[in-house]
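Got your viewer open? Let's take a short walk through this structure, one selection at a time.

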Amino acid sequence: MPRRPPRDLLVDVLLVAVAAVWGASFMAAKSLALETGVASAVALRFLVAAVALAVICAVRRERMPRGCGLAVAALLGLSQAAIIGLETWGVHLTSATNAGLLISLALVLTPVLESLAARSWLPRSYFVAAVAAVVGVALLVSDGGLRMPTAGDALVIAAAVVRALHVTASARLTRDRRDSTLAVVLVQLIVCAAASSVVAGDELPAAVMRLDGSGWANVLFLGLMCSVFAFVVQLWAVRRTSATRASILMGTEPVWALLVGLLLAGESVGLIGLLGAALIVAASYAGQAIERRHRHRGFETTSGHGEARVVSALAVSILPPTKNVRK
C-alpha cells in the first residue's frame, strides 16, 4: 500500500484537531458560564475572537466588505450570535455531553432546508436516517425513562435548528460573492461581540473582574482555539483535500464531545443514553452519505444545463465562510 504524502496526513490531523476542539468547547463554555454568567461568557468569547482576527486581517491587509456584502455579513453575524447564545444557555442547563451530541442534529436538518430551497426533495432513505436521529435524541435525553427534554436540551435543539437555517442562508446569500473570507468572518465576529456585549450590559465588567486563571484559560480557548484557530485551519485544510473527506473528519465533533464529557468532565451516560448517542452519530453519517449521493446524481442530471440546483449542506459546512461560517 503506497504511503500517504506527509502533507495529506497533516491535513487530516489538523481537521480532526478542529473537530476535537469544537467537541471540547461545550465543556469549556459550561465552565465559563458558571463563573461569569451566560451572556458575559458569550461576549468574552466573541470579543477575544474579534480582536485576534482583526490583527490577522490587518497584517494581511484584507479588504472589508461593503454595501450588500457588509449587510449580509452583519445579518449572518446576528444569526451566529443566536446559535452560540442558545448553545451556551443550553449547555449551562444540561450536560456538555448532551449538548455536543444534540447540536449534531444540524447535520440532519441542513440538507432538508437546502432541498426545500433548491426544490429538489431528498430520497425517502434520508428521512429514515432523520427519524433514527430523532429516536436517538429521545433515548439520550430520557435518562432511562420516558420524559420531556430538559430546558437545556431544548435550547441546544433550538440552536441546531438555527444553525441549519444559518448554514442554508449563508450558502444562498454569499454565493458568487468575492468578498474576503477573513474579512466577512471578522464582520460577523464584531457583530456577535457587540450584540452579546449589549445583552451582558453591566454584568460584563464585573464578570471580567471575577475571572481567575482557569476562567481566562476558557475564554482564550473558546475565542482563539474554537473560533480563530479552527477557522484558519478549516480554511487552509479544505483547499488541500476533498469536501467529502473534510466533512467526514470534522463530523467527528459529537464523538469528541461525548469523550470529553465522559472522561474529562466526569459526566455519565447510561446504557440507553449511549444507545441514543450511537444512533445520533450513525444517523448523521448515514444522512450525509445519502445526501451526497443524491447531490451527485443531481449534478449528473443537470450536466450541460447549468449548475446543479442541489447544494450539499455538508460541503457548505466546511467551505470557506463566504459559503458558511461555523461557530
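Start with α3 and α8: these two helices sit oblique to each other, because their angle falls outside the ranges for roughly parallel, antiparallel or perpendicular. Keep in mind that you're looking at a predicted model.

To find the pair, select residues 67–93 for helix α3 and residues 181–200 for helix α8. They pack at an angle of about 50°, and their axes are 8 Å apart. Turn the view until one helix lies in front of the other: α3 passes α8 in a right-handed crossing.

Now show side chains where the helices touch. On the α3 side, pick out residues including Leu-70, Ala-73, Leu-76 and Gln-80. On the α8 side, the residues they meet include Val-184, Val-187, Val-191 and Ala-195. What mix of nonpolar, polar and charged residues makes up this contact? The residues of the α3 contact with α8 come out as 11 nonpolar, three polar and no charged.

Next stop: salt bridges. The count comes to two.

Select Arg-163 and Glu-87 for one of them; their closest N and O atoms are 2.8 Å apart. Arg-163 lies in helix α7 (residues 151–174) and Glu-87 in helix α3, so this pair ties together parts that are 76 residues apart in sequence. Is Arg-163 buried or exposed? Arg-163 counts as buried, at 8% relative accessibility, and Glu-87 is buried too, at 4%.

Finally, select Arg-60 and Glu-62. This salt bridge has its closest N and O atoms 2.6 Å apart. Here Arg-60 counts as exposed, with 53% relative accessibility.

Notes:
Residues numbered from 1 in each chain as written. Predicted model: local features only at pLDDT ≥ 70, side-chain atom pairs only at ≥ 80, totals over all residues. Heavy atoms only, no water. Axes fitted to C-alpha atoms, helices over the stretch in contact; angles between N-to-C directions. Helix = DSSP H or I, 4+ residues; strand = E, 2+ residues; numbered from the N terminus. Parallel < 35°, antiparallel > 145°, perpendicular 65-115°, else oblique. Left-handed = near helix turned anticlockwise from the far one by under 90°. Contact = heavy atoms within 4.5 Å. Nonpolar A, V, L, I, M, F, W, Y, C, P; charged D, E, K, R; others polar. Salt bridge = Lys/Arg side-chain N within 4 Å of Asp/Glu carboxyl O. Buried < 20%, exposed > 50% of the residue type's maximum accessible area, 1.4 Å probe, protein only.
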